[in-house]
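Visitor: I'm new to looking at protein models, and I'd like to learn how to read one. Could you take me through some features, one at a time?

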Amino acid sequence: MELIGENRAFGGRHLRYTHQAKTTQCDMTFAIFLPPFASKEKPVPVLYWLSGLTCTDQNFMQKAGAMKLAAELGMAIVAPDTSPRGEEVPDDENSAYDFGLGAGFYVDATQSPWDKHYKMYSYITEELPALIESEFPVTKEKAISGHSMGGHGALVIGMRNPNKYVSVSAFSPIANPSDCPWGQKALGNYLGSDQDTWKDYDASILLGSKTHYIPMLVEQGTKDEFLQAQLKPQSLVHAAQQSETQLTLNMHEGYDHSYYFIASFIDEHLEFHAGHMGIL
């Protein structure tokens with residue numbers, strides 16, 4: 001790992017690193033916030049945050065306002081990048097914002113040329129946690145959250161790995177990617193035209209056939225410009241009813257898709273995860 005940035009914040013440390021990732025076969029960047037007094041003698045649990053389209057590791061750390069409460073709770077936060085990057089990594093031929101660089105969709109691509117580098121699912125679920133747990137004073141106890149494309153990733157990863165995460169939450173998630181333009185473009189290109197292969201990366205489909213329970217919390221603004229065409233939280237509600245699974249979906253009048261929305265309710269999510277981590 002190479003340290004590329006360091007800041008003090010609320011008595012803790014915000015650190016940025018690059019490292020050579022085996023899963024994505026390129027250099028990956030991540031940020032980690034370590035609360036005060038985190039040490040080998042007193043390791044802390046971790047919240048993984050997955051960001052949305054066009055974002056990097058920096059958006060959440062700089063805009064969400066999460067570090068103050070995380071410091072008080074004794075919780076680390078890890079924010080990875082949203083896709084592989086580098087000159088050798090393919091991008092959308094038109095440099096579109098919703099596919100390619102900055103839009104890894106947290107899947108393991110199976111279609112050429114994406115299948116060499118776009119292995120974000122394995123990177124997030126396997127390689128990155130192993131690195132974090134070996135190099136930093138954290139426990140194996142972890143939760144996962146995210147926004148938009150990252151909310152999709154968090155829900156999918158949490159539901160597919162209930163033995164790895166104590167809880168999952170999301171802000172404005174792409175809830176049913178098999179049935180929206182963003183998701184159809186990404187899944188079709190990364191996974192191919194056979195929509196049966198998309199099911200493992202669709203939160204609503206997974207929730208509708210869920211057999212393992214993991215606590216879930218979702219926030220959605222009513223003035224989100226992507227609400228009807230792209231996000232479709234009603235699909236999650238229907239799936240939860242279908243599988244008789246508890247889902248907390250909070251609709252907030254007047255809120256949009258921005259980090260103003262995330263910053264308004266991030267404390268509730270940190271407390272939600274802290275409760276399941278046993279530190280609140």
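Guide: Sure, let's start with a rule: a salt bridge is a side-chain nitrogen of Lys or Arg within 4 Å of a carboxyl oxygen of Asp or Glu. Before we use it, note that this is a predicted model, where local features need pLDDT of at least 70, side-chain atom pairs count only at pLDDT 80 or more, and totals for chains, interfaces and linings use all residues. Residues are numbered from 1 along each chain as its sequence is written, and side-chain values use heavy atoms, with hydrogens and water left out.

Visitor: What is the general idea behind such a pairing?

Guide: Side chains of opposite charge can pair when their charged atoms come close. Here, Lys199 and Asp196 make a salt bridge through their side chains, at 3.3 Å from N to O.

Visitor: How many salt bridges does the structure hold?

Guide: There are 10. One of them joins Lys164 to Glu126, with 2.6 Å from N to O. That pair ties together distant parts of the chain, 38 residues apart: Lys164 sits in the loop between helix H4 (149-160) and strand E7 (168-171), and Glu126 in helix H3 (residues 120-135). Those labels come from DSSP runs, numbered from the N terminus: helices are H or I with at least four residues, strands are E with at least two.

Visitor: Is Lys142, the partner of Glu133 in a salt bridge, buried or exposed?

Guide: First the scale: buried means under 20% relative accessible area, exposed over 50%, and partly exposed in between, using a 1.4 Å probe and protein chains only. Lys142 is buried because its relative accessible area is 9%. Its partner Glu133 has 21%, so Glu133 counts as partly exposed. The closest N and O atoms of the two are 3.2 Å apart. Going back to Lys199, its 40% makes it partly exposed, while Asp196 at 54% counts as exposed.

Visitor: Which residues are linked in a network of salt bridges?

Guide: Asp92, Asp98 and Lys185 are. Asp92 is in the loop between E5 and H3, and it counts as buried because its relative accessible area is 12%.

Visitor: What about charges that gather on the surface?

Guide: For a patch, take residues with over 30% relative accessible area and no salt bridge, and join like charges within 9 Å, or nonpolar side chains (Val, Leu, Ile, Met, Phe, Trp, Tyr) within 5 Å. Lys and Arg count as positive, Asp and Glu as negative, and His and the chain ends are not counted. Each charge is placed at NZ of Lys, CZ of Arg, CG of Asp or CD of Glu. The areas come from the Shrake-Rupley method with a 1.4 Å probe, and for residues only the protein chains shown count as cover. In this model, a negative patch on the surface brings together Glu2, Asp27, Glu87 and Glu88. Asp27 belongs to strand E3 (residues 26-34), and its 48% relative accessibility makes it partly exposed.

Visitor: And how do I read aromatic pairs?

Guide: Rings of Phe, Tyr and Trp (its six-membered ring) pair if their centres lie within 6.5 Å; planes under 30 degrees apart count as stacked, over 60 as edge-to-face and the rest as tilted. The whole structure has 17 aromatic pairs. Take Phe30 and Phe136: their ring centres are 6.3 Å apart and their planes at 90 degrees, so this pair is edge-to-face. Phe30 in strand E3 and Phe136 in the loop between H3 and strand E6 (138-147) are 106 residues apart, so to speak from distant parts of the chain. Phe30 is buried, at 0%, and Phe136 is buried too, at 10%.

Visitor: Which residues form one aromatic cluster?

Guide: Look for Trp49, Phe60, Phe171, Tyr255, Phe261 and Phe265.

Visitor: Any oddities in the backbone?

Guide: Try the bond between Ser112 and Pro113: the peptide is cis, with omega about 0 degrees. Pro113 is in the loop between E5 and H3. Then there is Ser172, which has a positive phi of about 45 degrees although it is not a glycine. Ser172 lies in the loop between E7 and H5 and is buried, at 0%. Glu244 also isn't a glycine, yet its phi is positive, about 55 degrees. Glu244 counts as exposed because its relative accessibility is 76%.
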